[in-house]
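I open this notebook to record what I looked up in one structure. The entries follow the order in which I took up each topic.

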Amino acid sequence: MKLLEGKVAVVTGASQGIGREISQVFAEQGAKVVVSDVNVEGAQKAVQELNDAGFQAMAIGCDVTKEEDIRALVNGAVAEYGSLDVMVNNAGITRDATMRKMSIDQFNQVIQVHLLGCWLGTKAAADIMREQGHGSIVNMSSISGKVGNIGQTNYAAAKAGIIGLTKSAAKEVGFKGVRVNAIQPGLIKTAMTAAMPADIFAAREKEIPLGRAGDPRDIANAALFLSSDLSSYITGIVVEVAGGRHI
């Protein structure tokens, strides 16, 4: 039996990077996956790849800062596949700048996508899962929400806020059989980190006790654990997937 056999999973920000890999791993483990992204063409391309590989997947475009989009997303999953068992709030952006140079708009954009988007996704998914009597919500934080990063007062604040949101939500919906957990990725090989200067990337990689940057599949495997029945008695926790960096 695959770990997500017969389950329906929605993943936001899933056209590329960590979200795309989570969709892949979930599909491999038997889930019907709703690939969601503000980049509709990217989501459709990801779905085509999954379907061509013999998996069940569909694409739904979504701006996670809009409540009507989030509601349409979760309702679309239920309409197509009959339930909503897993919700991964992964969508995110960066607008890096030091605090002196960061505009209010740059700050608000990041807070809106990460924190408001995560809250809207958690709220909409929980509404459905409460009625079902079960479900798992996984919110994507970041190790920067634990330790902070120069040039990321907006991003680190949003990612720290996701932890408080996750723990509060877990306490609100646990009695209905709904679990809410968070993941804090560390240095992961994505398009975002590929744009970093090589010397900075190398310096950060040296800080990692396990001696390497992570792969998106490392995050996807943690999301799989938190989404499956292997973690059926786990809620309100934060899993650091950072190779030991910042322990």
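The entries below concern a predicted model.

**Entry 1. The sheet**

I began with the strand arrangement. I found an open sheet of 7 strands, in the order 3-2-1-4-5-6-7, with parallel pairing. Which strands stand at the edges? Strand 3 (57–61) and strand 7 (238–241) do, and each has a single partner strand, so one side of each lacks a neighbour in the sheet. I also looked up the turn between neighbouring strands of this sheet, which is 20° on average, direction ignored.

**Entry 2. Pairing at the strand 3 edge**

I then turned to strand 2 (residues 32–37) and its pairing with strand 3. The two run parallel and are joined by 5 bridges. Within this pairing I noted Ser36, which stands opposite Ile60 in strand 3.

**Entry 3. Strand 4 and its two partners**

I next took up strand 4 (residues 86–89). On one side I looked at strand 1, which runs parallel to strand 4 and is joined to strand 4 by 3 bridges. Ala9 has Val86 of strand 4 as its bridge partner. With strand 5 (residues 135–140), strand 4 pairs in the parallel sense over 4 bridges. Here I noted Met87, which has Ile137 of strand 5 opposite.

Which way do the side chains of strand 4 point? Val86 and Val88 point one way, Met87 and Asn89 point the other way, and all are buried. I set the general rule beside this: in a regular strand, side chains alternate between the two faces of the sheet.

**Entry 4. Salt bridges**

I looked up the salt bridges and found a count of 10. I followed several of them in turn.

The side chains of Lys7 and Asp229 meet in a salt bridge with an N to O distance of 3.7 Å. Lys7 belongs to the segment before strand 1 and Asp229 to the loop between helix 9 (216–227) and strand 7, so this pair ties together parts that are 222 residues apart in sequence. I checked the accessibility of both partners. Asp229 counts as exposed at 56% relative accessibility, whereas Lys7 counts as buried at 19%. The assignment of Lys7 follows because buried means under 20% relative accessible area.

Helix 9 also takes part in another pair that I examined, through Arg217. Glu21 forms a salt bridge with Arg217, and their closest N and O atoms are 2.6 Å apart. Glu21 is in helix 1 (residues 17–28) and Arg217 in helix 9, so far along the chain that the two are 196 residues apart. Glu21 is buried, with a relative accessible area of 19%, while Arg217 counts as partly exposed at 27%.

I then looked at Asp127 and Arg71, which form a salt bridge whose closest N and O atoms are 3.0 Å apart. Asp127 lies in helix 4 (residues 104–132) and Arg71 in helix 3 (residues 67–81), so the pair ties together parts 56 residues apart in sequence. Both partners proved to be partly exposed: Asp127 has 34% relative accessibility and Arg71 has a relative accessible area of 25%.

I closed this topic with a network of salt bridges that links Arg20, Lys45 and Glu49.

**Entry 5. Cysteines**

How many disulfides does the structure hold? I found 0. Cys62 is in no disulfide, and its nearest cysteine sulfur, that of Cys118, is 13 Å away. Cys118 is likewise in no disulfide, with the sulfur of Cys62 as the nearest one, at 13 Å. This pair is not counted because a disulfide requires cysteine sulfur atoms within 2.5 Å. I looked up the accessibility of each cysteine as well. Cys62 counts as buried at 4% relative accessibility, and Cys118 counts as buried at 3%.

**Entry 6. A nonpolar patch**

Lastly I turned to the surface. Which residues make the nonpolar surface patch of about 260 Å²? Leu3, Phe225 and Leu230 make this patch. I located Leu3 in the segment before strand 1 (8–11). Leu3 is partly exposed, with a relative accessible area of 34%. Leu3 thus meets the accessibility condition for a patch, because patch residues need over 30% relative accessible area.

Key
Residues numbered from 1 in each chain as written. Predicted model: local features only at pLDDT ≥ 70, side-chain atom pairs only at ≥ 80, totals over all residues. Heavy atoms only, no water. Patch = residues over 30% accessible without salt bridge, like charges linked within 9 Å, V, L, I, M, F, W, Y side chains within 5 Å. Areas by Shrake-Rupley, 256 points an atom, 1.4 Å probe, with all protein chains shown as cover. Salt bridge = Lys/Arg side-chain N within 4 Å of Asp/Glu carboxyl O. Buried < 20%, exposed > 50% of the residue type's maximum accessible area, 1.4 Å probe, protein only. Pairing = 2+ DSSP bridges. Axes fitted to C-alpha atoms, helices over the stretch in contact; angles between N-to-C directions.
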